[in-house]
Each structure stands twice: as C-alpha cells, then as structure tokens.
Protein chains: 2
Amino acid sequence: MAAKQKSRPTYAEIAKLAGVSEATVSRVLNGDTKVDTDRIAAVNLAVEKLGYKKHRAAAALASGRTGLIAVVIDDDLSVFQDPFWGAITNGISRVLMEHEMQTLLLVAPLEKLDSPVAQYLQRGEVDGAIFLQLHKDSLIKLLAKQNLPLVVNGTPHTSNPFSYVDSDNAGGAFAAVRHLVEKGRKTIAMITGDLDNTAAEQRLDGYLAACQELGLPKVKGLVAEGDWSREAGIQHAQNLMQKHPDLDAIFCSNDVMALGAIAAILEAGKSVPEDIAVIGFDDSYLAQNSHPGLTSVRQDIVGLGMEAANMILALVHGDEVHSEILPCELVIRETA
Amino acid sequence: MAAKQKSRPTYAEIAKLAGVSEATVSRVLNGDTKVDTDRIAAVNLAVEKLGYKKHRAAAALASGRTGLIAVVIDDDLSVFQDPFWGAITNGISRVLMEHEMQTLLLVAPLEKLDSPVAQYLQRGEVDGAIFLQLHKDSLIKLLAKQNLPLVVNGTPHTSNPFSYVDSDNAGGAFAAVRHLVEKGRKTIAMITGDLDNTAAEQRLDGYLAACQELGLPKVKGLVAEGDWSREAGIQHAQNLMQKHPDLDAIFCSNDVMALGAIAAILEAGKSVPEDIAVIGFDDSYLAQNSHPGLTSVRQDIVGLGMEAANMILALVHGDEVHSEILPCELVIRETA
DNA sequence: GCTTTTCGTGAAAGCGATTTCACGAAACCG
DNA sequence: CGGTTTCGTGAAATCGCTTTCACGAAAAGC
C-alpha cells in the first residue's frame, strides 16, 4: 500500500557494523557527547556507509518528540487571496527544514476551543506551533498552559507571556508620514484598518506619533477607520476629499485601500500624486504592479517567518526567547 | 521537553473497558468489518468514553503508513509573491484534514535528484505527494517508479502515467477571445507566458483555436512570447501597438502582464478599453483591485487543491484515478 | 452425521528508535 | 592505598499500535 522501500538500515545494522551497541548508536546520533571519540567516528562511518536516515515515526514513538511544527492558520476566506501567509510559511519552512524539522500545515477555523485542530495540538502530535493571523487569544492561552511551545505572528492583544514576531508597524507608519512631510505635504489623512487588529492599531499609533513629532497642525477628522477593503478605501477617500478640500496626502493601512483611494481620487478629477499623494502598506504584489506605482511600506514577511521558526526551535529546545520586532522599509514609487 | 499530557488512553484501556482484546480494538478502529456488531459498539462506546485519539507515531511505526501527504513546492523566488500556491495548498489541506490526514509542507529547490527533499520522499516518510509548480519531470518519474502515490498540479510535459489536475487553460483562453470578438474586436493580439510552461502553451493554443474557429483573419506577428513579468507586458504591448496600428485588443497569459500592457497603452495616449481592450488570466488579487477593473479568466484554484487531495487519497487507498481538468470562468470587468 | 471451510477472536510478535538501569573500569578522595 | 564517585557502555524494557498466526466455534459440504 505504502511505497515499498528496499528495507532501510536500522540501528541494529549500524551497531553491528560499528561494533557498538544500539544504545551507543542512539547516543551518537542524538549528539550525546559522553561517548568515546573512536566510537563516535565508527558510528558515523557506519551511518555514512549504509546511507542511514532516522525513521521518524519510530523516533517519535520512543521519544515523544515528533519533529513536527504546526503552522496554524485561522481560516477565514480572506486567507485564500492573501499572499502574506504563503510568504511567511515559506520562511518558516526553510528554517525548520534546515534543522530537520517538518512543517505541518493546519488550516482551520479556530473559533472554538474544542475544534479538531485545537484537540490535535493538545494531543502532543507536534512539538510546537506557530500561529498566523490570530484573532482571539483564548486557544493560545489554553495551549500555553499545557506547555506547548508557541510562537505567534503579530502582536497579541493582551500582554500575555507568549513570544511573538511582528513587523515594526508603528515605525513603518512613521516613516511613511515623514516622507510625506518631507515632500511638503501639509494635510495628511489616514485610512486605518480594522482597529480590533493590533497591526492596524500600531500603524495608527505611528501615524499619530509622526503627526505630533513632526509638528503637523492638529485637524479633526483626518483619521478614518476602514476595514482593509478596497471599498473602504474608495469610500473614505471620497469623504475625506469632501470634508478637507486642502487634503494633499492619504496614508492607508494597506495597499488594497490605497488603491481604492487612488481610484476615488482619480474619479474625482484630481491627480496622484500632484494633488494628493498616497502611501500604502505591505508593498504587496498590488503595489508593485499598480499604475501609477504605489509607494508603500514593506514588511519583511519571509524574515518574520524565519524568525518565528528560529524562536520555536529555541523554545522546543528549552531555551528562553524574547519577542522580535522586524523593521519596515518605505518603498518609494510614484504615488508619493 | 515536549508538552506534558495527562497520559492519554491506549488500546489497553479501551480493550479492558470494552471487554475485548487489543487486536479487536485495532480492527474496529481501522474499519475492519469482520467484527461482531456488539463488539464494535462496545469498542466505540469505550473510545467515546475515554476520549481516545489514535497516537499517530505509534500507528505509523506499526503500519508503515504515516498519515502524511507532502505538498511539494519547487522553490524559486517567484513563489514568495504568488498567492496561487497559498490558495491551492489551502484547498488540499482542507480535504486531507477531513480524512484525518495531515499536510506536510516541503518547500525546496528540486533541481537535483538527490536533494534532501527527494531523499525524504523516497524514504517512505509520507504516504503520498502532491507536486506544485513542477518544472522538470525527472524527480517525479523516479518517485513514481518507487510506487509513491503522486499527483501533479499542472499538465506534465511528457505524456507520463502520473495523474494530474489542471485548469482548462485552453478553454479559458478561448472564452476570453470569444468575448473580445463578441465585443466587435477585430485585431486581437496575445502576449503569452514562458512557453516552456504547459499552461502558457495551452493558453496560446486556446487563443489560436479561437482565432481560427471564430474566423479572425490571420495576421502575422500578433503573438508575442512573454515571461509572465510586468516588463514583458509593457514591452510587448508597445511593440504590438507600433507594428499593428489597428490593434484593438490584447489577451495576456496572466494578470501581471495585462497590467503592464495597460500601463503601456495608457502611456501611449490610448484608452482602455475604448481603443484597446485587455484581458488577463488568473483573476488574481491584482485584477480585482486594479483600476480600471481588469477582465480576467478565473481559475478555481482552491478547487484544484481539493481535487488533487481527493486524488491522492484515492491513490493511497489503492484506487485508480483519472486526471481532472477544471473549467475556467471569464470574469468581466472594465477592461474588455 | 462427520469432515472440511470459513469466520471471529485473542495472544503475541513485531515496527525502530529511546531511555533506564546496572555494571565494570577509571578517576578521585582523604 | 582502600573506598567512594564518576564515567562510558550495553542489555533490556518501553513507546502504542498493527498484523500474523493459531485456535475454537460455527457454517458448509458430502
């Protein structure tokens, strides 16, 4: 049924060939240092000669460690279209593979604490888990309590003790606003993402901090809460233009809304960036292929993935880790 | 080191509670029908009561079946940005999960036959593999020879005996051209993808077939071979406009090139779709968020994934399968 | 009605690693 | 220099499930 292999070598054969016991083979292969140097060499030689590779299932059964790290994706429909998780998973996978660990993909709705995925994770079938697109903390808390090594992508809402990786959303937003100011823009609006989301919140914080520190006059009504959608971009851009005739820049919390805003601006007979400059966030495919080219804040998504993987490896290994914030970079194109 | 569980129930406990032997428990849990009905019920009841879940590693060790299906992604850099594989992997993952199988992600360069991934696959650590973005057939052939159940996404180059899933690329292209003709377009050019790629080839075939069947006059030089990039779209659109002043439509083999073409057309002072209509392929994020809205051929990517998963399940189960071609759908927006 | 199949079942032998435990040798101690 | 530790090592138990095998009972065949 399964593929037939020319039966793989086992510890028994290595032990015989190297003239040691199976226990010693295990010690060598698991990096136990308290083994005679000659024996280590002998075992390694035998391993080499036989082309031996560990049988994962057997190792997992005996040791309780599976060599698997789950990448958990909270599945709502938006996920299908968003290249973000592809990139981050890619980064994770590379790092894990280098360390002989495998990436197990778990895509499922996580709303319930007793969902199949939740149960699966509690069952010890993976050595650790990396959560992407986290909406609620409850499951994580539960798992953390059970000592499952965990890393979260994105800053958690509550100040919980779990480690996370995130982009410097505030810093990226700050850089965007600074760029606009340097270009002489005076009335800079922002269309935020869904503010339930910590990333959206942080980007708003960065915008507000920049406005303050760079001495922009405080104007009411320049911040509009969007929901990441193109429609929100269009709608809010229209409103903003109407309410603020002197509006000369809009910073959007993602590229989709930025493109929506640009469409609305052009529709209104104004030009980008001459009349109104626009900056997006993510430097997605969209920004790179839009016309005119969208200036946007780039996150190092693959880097986030690699960092997350390194953290989980450390945790599994029993080391302490601290959360990581990766810098963002402003990519300047034509719209600002 | 690994998470500590309150020790899970085992066959021993189920057997005792149900008053049968462990062998019978195994039979029931693996769907062996030749067991007394009462005993089946008793076992199921015990399983329920104890909240038992099979220990995968143990089952894998004993049976040689791992319950894992590898999703293999040939890793070149473009993968990072392309939402395609995220969507298809998502489709795969859902179906597998429903069948208690797990999705193992393998992202790595596959150029060599002795790469780590290649070795891994040959080692029987997965029950089957689904290949995405296949560039060369050699590895697949090797694995097929070793009886590893395989499904490929995309039509293979050579007519090999492995099963595959693909979109009806030719049909999609045909529909695009037909739409253009129905809109009264007379001089329809095509910018293809990299023609080493079977999808690009099939889309070209569809275009050519449509031209012929719909009675378009044969004009030399209306087909330009691109490479999927925005730059190719720009460049070829410029050339085409120059060589064919009466050009009134361009069909592109993907959305990225279509957006490039549109940029070039606008740059040349012409309008879309009034002067020149443009249709892309993929109905990606880009098409949905572009301005003006890009008419594009949609593939059912998640459907491809689900189909691939069903096929691999059948193969693992020992059933025969036949390759699947899923229909494409033209999504009409503003550019054509 | 007696032999031959078939059928359901449990005992027990793996699957291939890991890990505990005990033992002899070497190193350390006072 | 006797005695206690430490150290490297192998034998053997173990992980939890699957599967073969043999056996008694029931069904079928003559």
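These exercises work through a predicted model of two protein chains and two DNA strands.

Local features need pLDDT of at least 70, side-chain atom pairs count only at pLDDT 80 or more, and totals for chains, interfaces and linings use all residues. Residues are numbered from 1 along each chain as its sequence is written, chains are lettered from A and ligands numbered from 1 in the order in which they are written, and side-chain values use heavy atoms, with hydrogens and water left out.

**Exercise 1. Lay out the six-stranded sheet of chain B and find its edges.**

Step 1. Define the elements. Helices (H or I, at least four residues) and strands (E, at least two) are DSSP runs, numbered from the N terminus. Two strands pair if DSSP finds at least two bridges between them.

Step 2. Read the order. The open sheet runs 7-6-8-9-10-12, with mixed pairing. Strand 7 (223-225) and strand 12 (329-331) of chain B are the edges, since each pairs on one side only. The average twist is 20° from one strand to the next.

Step 3. Take one pair. Strand 6 (residues 188-192) and strand 8 (residues 249-252) of chain B run parallel over four bridges. Ile191(B) has Cys252(B) in strand 8 as its bridge partner.

**Exercise 2. Place helix 9 and helix 11 of chain B against the sheet.**

Step 1. Fix the terms. Axes are lines fitted to C-alpha atoms, for helices over the stretch in contact, and angles run from 0 to 180 degrees between N-to-C directions. Contact means heavy atoms within 4.5 Å.

Step 2. Start with helix 9 (residues 198-213) of chain B. It lies across strands 6, 7, 8 and 9 of chain B, at about 170° to strand 6.

Step 3. Add helix 11 (residues 255-267) of chain B. It touches strands 6, 8, 9 and 10 of chain B, and its direction makes about 160° with that of strand 9.

**Exercise 3. Describe the protein surface near DNA strand D.**

Step 1. Collect the residues. A residue is near a strand if one of its heavy atoms lies within 4 Å of it. There are 25 around DNA strand D; Thr24(A), Arg27(A), Arg39(A), Tyr11(B) and Tyr52(B) come nearest.

Step 2. Inspect the DNA side. Of the strand D atoms within 4 Å of the protein, 69% belong to sugar or phosphate and the rest to bases.

Step 3. List polar contacts (here, pairs of N or O atoms within 3.5 Å). Ser21(A) places a polar side-chain atom 3.0 Å from a phosphate oxygen of DNA strand D. For Ser26(B), the side-chain distance to a phosphate oxygen of this strand is 3.2 Å. Arg27(A) instead has a side-chain N or O atom 2.6 Å from a base oxygen.

Step 4. Assign the elements. Helix 4 of chain B gives the most to this surface, with four residues.

**Exercise 4. Repeat the analysis for DNA strand C.**

Step 1. Count. 26 residues surround DNA strand C, the closest being Tyr11(A), Tyr52(A), Thr24(B), Arg27(B) and Arg39(B). Sugar and phosphate make up 68% of the strand C atoms that come within 4 Å of the protein.

Step 2. Check phosphate oxygens. Side-chain polar atoms lie 3.0 Å away for Lys54(A), 3.1 Å for Arg65(A) and 2.5 Å for Thr24(B).

Step 3. Find the main contributor. Helix 4 of chain A gives the most, with five residues.

**Exercise 5. Which rotation superposes chain A on chain B?**

Step 1. Superpose by least squares on the C-alpha atoms of residues with pLDDT of at least 70 in both copies. The rotation is 180°, with 0.0 Å of shift along its axis and an RMSD of 0.1 Å. That is the relation of a two-fold axis.

Step 2. Compare the interfaces. 100% of the interface residues of chain A are also interface residues in chain B, so the copies meet through the same surface.

Notes:
A polar contact is a pair of N or O atoms within 3.5 Å; within protein, one must be able to donate a hydrogen and the other to accept it, and residues adjacent in sequence count only if both atoms are side-chain atoms.
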